[in-house]
There are 2 protein chains.
Amino acid sequence: MDMDNILIDGLEYVNWNRDLFIKAHAGGLTAIHATLVYWEDTKESLKKIDYWDNLIQSNSDIIMHVKKSSDILDAKKTNKIGIIYGFQNSAPIANDIFLVEKFFSRGLRFMQLTYNNQTSLAGGCYEKNDSGVSRFGEMVIEEMNRLGMIVDLSHAGRQTCLDAIKFSKKPVAISHANPNFFHQSIRNIDDDVLKQLANKNGFIGLSLYPYHLKNHGDCKLEDFCDMIKQLVNMIGEDNIGIGSDLCVNWPNDVVMWMRNGKWTKKIDYGESKDKNANWPKPVSWYSKPEDLSNFLMGMISKGINEKIAYKIAGKNWLNFMKNHF
Amino acid sequence: MDMDNILIDGLEYVNWNRDLFIKAHAGGLTAIHATLVYWEDTKESLKKIDYWDNLIQSNSDIIMHVKKSSDILDAKKTNKIGIIYGFQNSAPIANDIFLVEKFFSRGLRFMQLTYNNQTSLAGGCYEKNDSGVSRFGEMVIEEMNRLGMIVDLSHAGRQTCLDAIKFSKKPVAISHANPNFFHQSIRNIDDDVLKQLANKNGFIGLSLYPYHLKNHGDCKLEDFCDMIKQLVNMIGEDNIGIGSDLCVNWPNDVVMWMRNGKWTKKIDYGESKDKNANWPKPVSWYSKPEDLSNFLMGMISKGINEKIAYKIAGKNWLNFMKNHF
């Protein structure tokens with residue numbers, strides 16, 4: 001087994017079907033952290049898990065459910081894509097600590113504390129005042145640490161990131177975001193947060209979502225790779241991966257669902273400053289799951305050290321996950 | 001009809017039965033704001049409303065459900081106790097703005113934004129960092145204003161109180177708490193918050209819960225009445241009522257439920273500094289719902305102007321509710 005060639009995308013939100021799985025499989029992907037829900041409540045989230053369990057069963061010749069990090073190696077060995085379940089919000093656990101274990105037992109391995117807005121656990125990146133991690137948030141982090149569920153700080157506020165990095169007994173992840181030094185955005189991350197994250201062996205998955213990129217959908221591969229070099233120089237080469245945030249095969253109303261959920265009767269345009277209600281145009285060099293393989297080659301072509309490029313394309317994520325499940 | 005003699009308790013948490021209703025009825029109560037839930041989720045809360053609807057139907061000779069403030073006058077006319085439904089938390093609406101109207105249509109007329117802990121709407125009084133009112137919190141307050149549901153800031157943090165007082169287009173209530181000048185407590189209220197509350201015609205219901213009182217269960221009627229005089233002097237006589245916070249006929253494990261809900265696996269003792277897991281001993285002069293009538297006489301006997309005493313015992317609450325429903 002060529003253990004170097006582990007390709008892991010640390011976050012995607014794809015409306016999968018057999019055809020898309022076949023293409024991703026042909027592209028050599030090893031594992032994907034898949035977003036199951038954003039605003040869904042407990043019952044709706046359990047149904048989403050049912051849906052995904054069925055999706056995996058129906059395509060079990062080419063994909064499999066990852067519950068342990070060693071399952072990723074099994075996926076590699078058996079030539080399948082490993083699917084890791086994640087929630088981009090804590091809405092599914094509402095105010096109930098006991099639901100963390102319930103969802104863990106169903107295979108959940110990543111959970112964000114917040115999605116843009118405040119939750120009972122913590123502050124979101126779009127809030128005027130970020131509470132940081134709340135009393136309940138601390139209890140949930142302890143429980144996630146105990147179980148081996150990764151605390152994901154994407155879409156969290158700055159203070160929440162700092163609090164969680166400090167409080168968590170296990171390293172935390174920001175599965176999909178970029179440094180603010182590359183592109184200033186509410187969703188991107190300040191240098192000091194990145195440094196504190198890395199000091200505690202925390203992880204950042206770099207995002208390809210257009211609003212997180214310099215020049216959005218026109219971002220050049222070269223600029224993105226320059227950012228990677230600068231980031232490696234800042235926090236080292238071990239705590240960086242890809243969390244492409246690819247959103248594929250969804251109708252446009254889904255991006256409005258992601259922004260508005262059930263929390264407002266008015267329209268919130270989220271990251272779109274020009275009030276665009278459609279999906280933003282992806283970069284040409286990373287627009288579908290199977291592009292990770294080409295992107296790996298792209299990193300090398302743009303002068304990123306080959307060993308580092310392979311680490312960023314998957315091995316780092318695998319090592320990080322080994323600390324948790 | 002003797003309209004002076006309107007007796008309203010602005011918050012009670014009683015495990016009612018026929019016998020307790022008969023006693024409260026004999027004691028001349030006009031209306032009670034009854035707490036239905038603390039930590040219950042949407043489904044559990046809808047079941048609690050079913051339970052209460054049935055309780056009211058089963059005792060319809062002496063109690064009735066208040067949906068409009070004019071129902072309180074009907075209760076008075078027909079010699080019944082009016083029951084006003086309230087939630088001591090926003091857990092029932094989770095992150096769903098549309099549930100506010102659903103619960104309103106079932107008769108809910110008071111809802112707290114928080115119960116001690118942070119919610120997706122706002123910060124609780126026990127949080128280290130109070131977020132104030134969140135993005136979702138503002139949407140919910142607008143919706144409550146539109147429908148005529150009273151925003152209750154009991155158990156909220158200081159910043160949340162200030163934010164909500166400022167943001168709400170209709171006057172808000174703190175249904176059960178006391179001034180910190182009387183007894184310093186996390187649950188009680190600072191002078192400047194009380195003044196800003198009253199400046200916007202907001203309301204405070206004074207609490208008889210032992211932990212909110214000087215000398216707790218040994219608090220003297222005289223001291224409580226002196227506090228009232230001082231408060232009237234500070235914010236005027238119109239925005240003050242009683243929210244006794246009487247907890248009657250519950251086993252001791254219910255006080256632990258109120259404190260711990262589902263948010264922690266450890267034990268949190270809440271307001272009990274000596275880690276008492278039982279209900280605190282109530283004051284002798286206000287230990288059951290029907291004591292409001294005696295307390296009214298007690299206020300007068302301790303030198304509170306008779307007109308003011310009657311207002312505090314019920315008329316003020318009625319006038320405040322008229323602004324909402």
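**Contacts, core and symmetry**

User: What does Ala164(B) touch, not counting residues up to four places away in sequence?

Analyst: Leu113(B), Val133(B), Ile141(B), Val151(B), Leu153(B) and Val172(B). They count as contacts because the C-beta atoms, placed from the backbone, lie within 7 Å. Bear in mind that this is a predicted model: local features need pLDDT of at least 70, side-chain atom pairs count only at pLDDT 80 or more, and totals for chains, interfaces and linings use all residues. Residues are numbered from 1 along each chain as its sequence is written, while chains are lettered from A and ligands numbered from 1 in the order in which they are written.

User: What makes the two copies related as by a two-fold rotation axis?

Analyst: A turn of 180° and a shift of 0.0 Å along the axis lay chain A on chain B with an RMSD of 0.0 Å, so the relation is as by a two-fold rotation axis. The fit is by least squares on C-alpha atoms of residues with pLDDT of at least 70 in both copies.

User: How do you know that the copies meet through the same surface?

Analyst: Because 100% of chain A's interface residues are also interface residues in chain B. Each chain puts 27 residues into the contact.

User: Why are the buried residues of α10(B) said to be on the same side?

Analyst: Buried means 20 or more other C-beta atoms within 10 Å of a residue's own. In helix α10 (residues 291-301) of chain B, that picks out Asp291(B), Leu292(B), Phe295(B), Leu296(B) and Met299(B). Their arc around the axis, taken from the directions to the C-beta atoms, is only 150°, which puts them on the same side of α10(B).

Methods: Two residues are in contact if their C-beta atoms, placed from the backbone, lie within 7 Å. A residue is buried if 20 or more other C-beta atoms lie within 10 Å of its own, exposed if 12 or fewer, and partly exposed in between; C-beta atoms are placed from the backbone. Helices (H or I, at least four residues) and strands (E, at least two) are DSSP runs, numbered from the N terminus.
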